[in-house]
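Subject: Structure for your review

Dear colleague,

Please find below the structure that I am handing over to you. I would be grateful if you could read the notes after it with the structure open.

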Amino acid sequence: MIKILIADDQELIRQSLMIILDNVEDFQVTDCVADGIEVMASVKKDKPDVILMDIRMPKMDGVVCTQRIKELYPDIKIIILTTFDDDEYVFNALKFGASGYLLKGISMKELSDAIRKVYNGTAMINEDIASKVVRLFSRMAQSNLAILVDSSLAESLKPHEWDVIVLVGRGLSNKEISARLNLSEGTIRNTLSSILSKLQLRDRTQVAIWAVQTGAANRPLSRGID
């Protein structure tokens, strides 16, 4: 059973999501709240597995709330529900550890699938805005929000690990990377885990940002199939 907390300042959205998600067999909605302060209280009480987090909320917005949740409860997954005009918020939400970035208006099947994927450790970005997020990474790379990795850590990376970094930086999913490199998805997941450990990064979002800001995303693949 996946425990879900819904955070949105619009009551209609909260109630609609609760009614629909609570009727999914493997979901349990633990609470519906209207702002970041209420999120913090609810998380302390119920310890949800996944938070559906609106970006623009009163008292404490979704960005600040994401940062605090990930500092206190790093295992809780956060999916940001947003609109196309939320660019200035997206930078920090991703940097602070959000696992998903989805547009409001997504179908319930897509949302349910995203919740399961994020719960199981996969980053989830709506395919309609994947290219937009890559552009955001590029802009983030030029700002003071850059991900810093000691150069000595990168020297330990192997050619096949660089290939995965390149493709993560270009916005490809594990499935797409698997097909591109002719390797199993399990191998890609294990390779990404090794990369995170070597670079001392938290998740694939940080790998993607680092790949863009350092230019690694533009490297040719070692397998000669670029």
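The notes below go from the chain as a whole to its sheet, then to one helix, and last to the cysteines.

Please keep in mind throughout that this is a predicted model.

The chain as a whole

The chain has 226 residues, of which 50% count as buried. Its secondary structure consists of eleven helices and six strands. If one takes the contacts between residues at least 6 apart in sequence, 68% of them join residues at least 24 apart. The accessible surface of the chain is about 10,900 Å², and carbon and sulfur atoms account for 49% of this area.

The sheet

Six strands form an open sheet with parallel pairing, in the order β2-β1-β3-β4-β5-β6. The edges are held by β2 and by β6 (124–125); each has a single partner strand, so one side of each is left without a neighbour in the sheet. As general background, the strands of a sheet pair through backbone hydrogen bonds, in either a parallel or an antiparallel manner.

I begin with the β2 edge. Strand β2 covers residues 27–33, and five of its seven residues are buried, so by the under 20% cut-off for relative accessible area the strand is mostly covered. Strand β1 (residues 2–7) pairs with β2 in the parallel sense over six bridges, and Ile 2 is found opposite Phe 27 of β2. Between these two strands lies helix α1 (residues 11–21); β1, α1 and β2 together make a right-handed β-α-β unit.

Strand β1 also pairs with β3 (residues 50–54), in the parallel sense and over four bridges. In this pairing, Ile 6 stands opposite Leu 52 of β3.

Towards the other edge, β4 (residues 77–82) and β5 are paired in the parallel sense over four bridges, with Thr 82 opposite Leu 103 of β5. Strand β5 itself spans residues 100–103: Gly 100 and Leu 102 point one way, Tyr 101 and Leu 103 point the other way, and all are buried.

The pairing of β5 with β6 is likewise parallel, over two bridges. Here Tyr 101 has Ile 125 in β6 as its bridge partner. The chain passes from β5 to β6 through helix α5 (residues 108–119), and this β-α-β crossover is left-handed. I would ask you to look at this crossover beside the β1, α1 and β2 unit, which is right-handed.

Helix α11

Helix α11 (residues 204–214) is mostly covered, with ten of its eleven residues buried. The buried residues include Arg 204 and Gln 206 as well as Val 207, Ile 209 and Trp 210. At the start of the helix, a side-chain oxygen of Asp 203 comes to within 3.2 Å of the backbone nitrogen of Thr 205. Gly 215 follows α11 and has a positive phi, near 85°.

The cysteines

How many disulfides does the model contain? With the requirement that two cysteine sulfur atoms lie within 2.5 Å, the count is zero. Cys 32 counts as buried because its relative accessibility is 18%, under the 20% cut-off. Cys 65 also counts as buried, because its relative accessibility is 0%.

Yours sincerely,

A colleague

Notes
Residues are numbered from 1 along each chain as its sequence is written. This is a predicted model: local features need pLDDT of at least 70, side-chain atom pairs count only at pLDDT 80 or more; totals for chains, interfaces and linings use all residues. Side-chain values use heavy atoms; hydrogens and water are left out. Buried means under 20% relative accessible area, exposed over 50%, partly exposed in between (1.4 Å probe, protein chains only). Contact means heavy atoms within 4.5 Å. Accessible areas come from the Shrake-Rupley method with a 1.4 Å probe; for residues, only the protein chains shown count as cover. Two strands pair if DSSP finds at least two bridges between them. A crossover is right-handed if, with the strands pointing away from the viewer, the path from the first strand over the helix to the second runs clockwise. A polar contact is a pair of N or O atoms within 3.5 Å; within protein, one must be able to donate a hydrogen and the other to accept it, and residues adjacent in sequence count only if both atoms are side-chain atoms.
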